[in-house]
Amino acid sequence: MAVDRLPPADTHERQLTGLDALELLPAKRTSFGLRVWRHAWPMLTAVVIVLAIWQAVVMAGFWPEYVFAGPITTFGDLANKVTDPEFYQALATTMRRAVVGFALAVLIGLVIGAAVSRVRILRAAFGSLITGLQTMPSIAWFPFAILLFGLTESAIQFVVVLGAAPSIANGLIAGVDYTPPLLLRAGKVLGFGRLQMYRHVILPASLPSFLAGLKQGWAFAWRSLMAGELMVIIAYQASLGEQLAISRELSDSPGLIGTMIVILVIGIVIDMLFEAANTALRRRWGLRQEQ
């Protein structure tokens, strides 16, 4: 009768060592240029398709050229615009408002989210209110903001903060809710107080959800800012929203579409920065292999 024999101890150790080597083998990295091309060609293809559709619609003649300008006319006007110092003044004003408003929203959202996520009474009292504020259209706040602050930058910043802070707070609350209980017990074993628990355990564990909340908060802040600059035009302060309004009043289709393209490009660039931060976080946590 045949009896199965176990492999010798040294053979078994060699097999385990081989498996460990396979697990620890670093992923093969491709060149930087190839990685850039892999990310760039889908976007370039999408741009070409959009431009082709745009030109086809213009050639179909649904609207006259002065109402719906074609890509050649629009980009020609945009090329002239980027040589104008006023364009950069408008861009600087808009980005300053965006950065200041978003920074205030992050600070307020972080404080509110941290408090609501850990205090049950506050969660019961304000949890649904935060979600309600998040779903409320930002444009609905502007009549109230103008009534409070007049046609000033404070009215714009007020709505930007209200548009972004609830999303940031909800992102942090969701991250805290999904913090593994094992980590919380480990923090208690180590003797962490409430602030230390937040700093060393809860905040690092909630980073993915918090980062998603920041990204969504930026989207709401950017939309609120564009709406605000269209409604609240301050004298002697050029902005991208003001240029949109002026182009609309003058029926300047190339200028209007060109400014919209600039706003779109800024949004895409900021989204790429958030995506880079998300990729770095996933790589640090071992959730993304090098390509």
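## Close-ups of salt bridges and a covered helix

**View 1. R96, R97, E153 and E229 join up in a network of salt bridges.** Keep in mind that this is a predicted model. One link in the network to look for is R97 with E229, whose side chains meet in a salt bridge with 3.0 Å from N to O. Where do these two sit along the chain? R97 belongs to helix α4 (residues 85–118) and E229 to helix α10 (residues 207–231), so the pair links distant parts of the chain, 132 residues apart. Are they buried or exposed? R97 has a relative accessibility of 1%, so it counts as buried, the cut-off being under 20%. E229 is buried too, with a relative accessible area of 1%.

**View 2. K215 and D271 form a salt bridge between two helices.** Here the closest N and O atoms are 3.1 Å apart. K215 sits in helix α10, while D271 is part of helix α12 (residues 253–284). That's another link between distant parts of the chain, with 56 residues separating the partners. How covered up is each of them? K215 comes out at 33% relative accessibility, which means it counts as partly exposed, because that lies between the 20% and 50% cut-offs. D271 is partly exposed as well, with a relative accessible area of 35%.

**View 3. R248 and E249 make a salt bridge out in the open: both are exposed.** Their side chains meet with 3.9 Å from N to O. Why does a pair at 3.9 Å still make the list? The rule asks for a side-chain nitrogen of Lys or Arg within 4 Å of a carboxyl oxygen of Asp or Glu, so this pair passes. How many salt bridges does the rule give for the model? The count is five.

**View 4. Helix α11 (residues 240–249) is mostly covered.** Of its 10 residues, seven are buried. Which ones? Start at L240 and go through G241, E242, Q243, L244 and A245, then add S247. What do these buried residues pack against? Their neighbours are α3 (71–81), α4, α10 and α12. You've already met some of those helices: α4 holds R97, α10 holds K215 and α12 holds D271.

**View 5. S251 follows helix α11 and has a positive phi.** The angle to check on this residue is phi, which is near 55 degrees. While you're here, glance back at R248 and E249, the exposed pair from View 3.

Note on methods:
Residues are numbered from 1 along each chain as its sequence is written. This is a predicted model: local features need pLDDT of at least 70, side-chain atom pairs count only at pLDDT 80 or more; totals for chains, interfaces and linings use all residues. Side-chain values use heavy atoms; hydrogens and water are left out. Helices (H or I, at least four residues) and strands (E, at least two) are DSSP runs, numbered from the N terminus. Buried means under 20% relative accessible area, exposed over 50%, partly exposed in between (1.4 Å probe, protein chains only). Contact means heavy atoms within 4.5 Å.
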